[in-house]
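Work through the exercises below with the sequence and the model side by side. Each task is followed by a solution in steps.

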Amino acid sequence: MRVLLIGAGGREHALAWKLAQSPLLTKLYVAPGNGGTSLVAENVALDPADHGAVVGWARANGIDFVVIGPDAPVVAGLGDEVRAAGIACFSPSKAAGQLEGSKGFTKALCDEMGIPTAAYRRFDAAEPALAYVRERGAPIVIKADGLALGKGVTVAMHIAAAEHAIRDCFGGAFGASGASVVIEDFLEGEEASFFVLCDGEHTLPLATAQDHKRAFDGDNGPNTGGMGAYSPAPVMTDELIAQTMAEIIEPTVRGMAARGTPYQGVLYAGLMLTREGPKLIEYNARFGDPETQVLMLRLDSDLLALLHATATGALAGMEARWRPEAALTTVLASKGYPGDYRKGTLLGPLPPDTADMVIFHAGTRREDGRLLSAGGRVLNVTALGASVADAKERADAAIAEIDWPEGFHRHDIGWRAILRERNARLDR
């Protein structure tokens, strides 16, 4: 099978790394790719926003299957145009992609299907939104309705912070994505991520993960696209997974099918585990980043077979096998991220990948034999271990070998799971 993977981040390197292991694969291309994907596939200089160029290149090069990684081309409907050209594609339709593209759309579906989520209101102007938060009080959550690179959500612990977030959205900080704002009640609990494949009718639960959104240790600093993650999420018990499937995932799939927009792709549910049970925070219509990095290291099944079955309505009877170890990834980012940062800084030689440690590239490029930074999040040092603590030790050891003074990383990825592991040992 000749496969074209769309994207350029750490998620895409992890997907390419796993796809390259499939016996079904004859050739793998990544567009546009990065300095890491070039090690396992052939990079192609295509702009994912130019749908005509992507479809034309895929036709001209005999592509059998297209896998779309990032959110923007999913929401823009690239998958629809690929399928219209007669090429199988792993991506929700543009209509189904609204589950990520519009938080208001998802909230309305939750209302319709009785899916547990936070109480909310949606606003198209600043003044009514400001009046609402003053009435409701803090803490409260402000969300830009559309895509905002993982940075359009503010958990405001004070009214002043909520007002600032609202003015940012309506003042153009997130472009058209902030033209509408969803304001939610604050939920108490612990967050977790849950991933499920869906072929429009059948579902296949994958795995759980937890990530760290804040830039600095102690979960401090601004929100980012993610500074690290680990899998599985110890807090997600088998009982909670079953409850999430019954109360959140399956009603979503039924509701989307009933609307005439069946969901085909990966459903990434961001959950808050409250005293009343799991509640949906939001959906993403693609694999997470950096969660994909830990999932791919743990996956013991053929990823290409799973994704193709999802895209072609053949998921029934498929299974996903997982390695028993825990996986953890730490993001190395350019100093200044998620604000202003330098590009083009030199990355020293990286330690070689091993059976239990892989470095996935995100914002990197190769030039004249040198590896250079090309983004905010640059590397994802990912490791397996008998526990989250063991995986972190391996990742930390690899990070210590990387010479990159222009970068920074969090030192406490996985702290909540490691604390649980330590307490469990003490309780024995």
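The model is predicted.

**Exercise 1. Charges over rings**

Task: Find the ring that the charged end of Lys27 sits over, and the face that Arg259 lies over.

Solution.
- Step 1. Start from Lys27: its charged end is over the ring of Tyr29, 5.3 Å from the ring's centre.
- Step 2. Go on to Arg259, which lies over the face of Phe105 at 4.9 Å from the ring centre.

**Exercise 2. Aromatic pairs**

Task: State how many aromatic pairs a search of the whole structure finds, and classify the pair of Trp17 and Phe360.

Solution.
- Step 1. The search of the whole structure gives eight aromatic pairs.
- Step 2. For Trp17 and Phe360, the ring centres are 5.5 Å apart and the planes stand at 75°. Planes over 60 degrees apart count as edge-to-face, so this pair is edge-to-face.
- Step 3. Locate the two residues: Trp17 is in helix 1 (residues 10-19) and Phe360 is in strand 18 (residues 357-361), so the pair ties together parts that are 343 residues apart in sequence.
- Step 4. Check burial: Trp17 and Phe360 are both buried.

Task: Do the same for Tyr29 and Trp57.

Solution.
- Step 1. Tyr29 and Trp57 are 4.9 Å apart centre to centre, with 80° between the planes, and the aromatic pair is edge-to-face.
- Step 2. Tyr29 belongs to strand 2 (residues 27-32) and Trp57 to helix 2 (residues 51-60), so the parts tied together by this pair are 28 residues apart in sequence.
- Step 3. Buried means under 20% relative accessible area. Tyr29 has 7%, so Tyr29 is buried. Trp57 has 19%, so Trp57 is buried too.

Task: Which residues do ring pairs link into a cluster with Phe90?

Solution. The cluster linked by ring pairs consists of Phe90, Phe195, Tyr268 and Phe287.

**Exercise 3. Helix packing**

Task: Describe how helix 7 (residues 126-136) and helix 8 (residues 159-170) are arranged.

Solution.
- Step 1. The axes of helix 7 and helix 8 come within 10 Å and cross at roughly 165°.
- Step 2. Angles over 145 degrees count as roughly antiparallel, so helix 7 is roughly antiparallel to helix 8.
- Step 3. The crossing of helix 7 past helix 8 is right-handed.
- Step 4. List the contacts: from helix 7, Ala126, Ala129, Leu130, Val133 and Arg134 meet Ile159, Ala162, Glu163, Ile166, Arg167 and Phe170 in helix 8.

Task: Repeat this for helix 6 (residues 103-113) and helix 9.

Solution.
- Step 1. Here the axes come within 10 Å and cross at roughly 100°.
- Step 2. Angles of 65 to 115 degrees count as roughly perpendicular, so helix 6 is roughly perpendicular to helix 9.
- Step 3. Phe105, Leu109 and Met113 of helix 6 meet Pro251, Thr252, Arg254, Gly255 and Met256 of helix 9.

**Exercise 4. Backbone exceptions**

Most residues other than glycine have a negative phi, and most peptide bonds are trans.

Task: Is the peptide bond from Ser231 to Pro232 cis or trans, and what of the bond from Tyr337 to Pro338?

Solution.
- Step 1. The bond from Ser231 to Pro232 is cis, with omega near 0°. Pro232 is in the loop between strand 14 (228-231) and helix 9 (238-258).
- Step 2. The bond from Tyr337 to Pro338 is cis, with omega near 10°. Pro338 is in the loop between strand 17 (326-334) and strand 18.

Task: Give the phi, place and exposure of Asp219 and of Asp368.

Solution.
- Step 1. Asp219 is not a glycine, yet its phi is positive, about 55°. The residue is in the loop between strand 12 (214-216) and strand 13 (220-223). Its relative accessible area is 29%, so Asp219 is partly exposed.
- Step 2. Asp368, also not a glycine, has a positive phi of about 50°. Its place is the loop between strand 19 (364-367) and strand 20 (370-373). With a relative accessible area of 72%, Asp368 is exposed.

**Exercise 5. One loop residue**

Task: Describe the surroundings of Ser38.

Solution.
- Step 1. Ser38 is in the loop between strand 2 and strand 3 (42-43).
- Step 2. Its relative accessibility is 33%, so Ser38 counts as partly exposed.
- Step 3. Not counting residues up to four places away in sequence, Ser38 touches Asn43 and Arg366.
- Step 4. From Ser38 to Ala20 is 18 residues in sequence and 12 Å in space, C-alpha to C-alpha.

Technical notes
Residues are numbered from 1 along each chain as its sequence is written. This is a predicted model: local features need pLDDT of at least 70, side-chain atom pairs count only at pLDDT 80 or more; totals for chains, interfaces and linings use all residues. Side-chain values use heavy atoms; hydrogens and water are left out. Rings of Phe, Tyr and Trp (its six-membered ring) pair if their centres lie within 6.5 Å; planes under 30 degrees apart count as stacked, over 60 as edge-to-face and the rest as tilted. Helices (H or I, at least four residues) and strands (E, at least two) are DSSP runs, numbered from the N terminus. Buried means under 20% relative accessible area, exposed over 50%, partly exposed in between (1.4 Å probe, protein chains only). A charge sits over a ring if NZ of Lys or CZ of Arg is within 6 Å of the ring centre and within 35 degrees of the ring normal. Axes are lines fitted to C-alpha atoms, for helices over the stretch in contact, and angles run from 0 to 180 degrees between N-to-C directions. Angles under 35 degrees count as roughly parallel, over 145 as roughly antiparallel, 65 to 115 as roughly perpendicular and the rest as oblique. A crossing is left-handed if the near helix is turned anticlockwise from the far one by less than a right angle, and right-handed if clockwise. Contact means heavy atoms within 4.5 Å.
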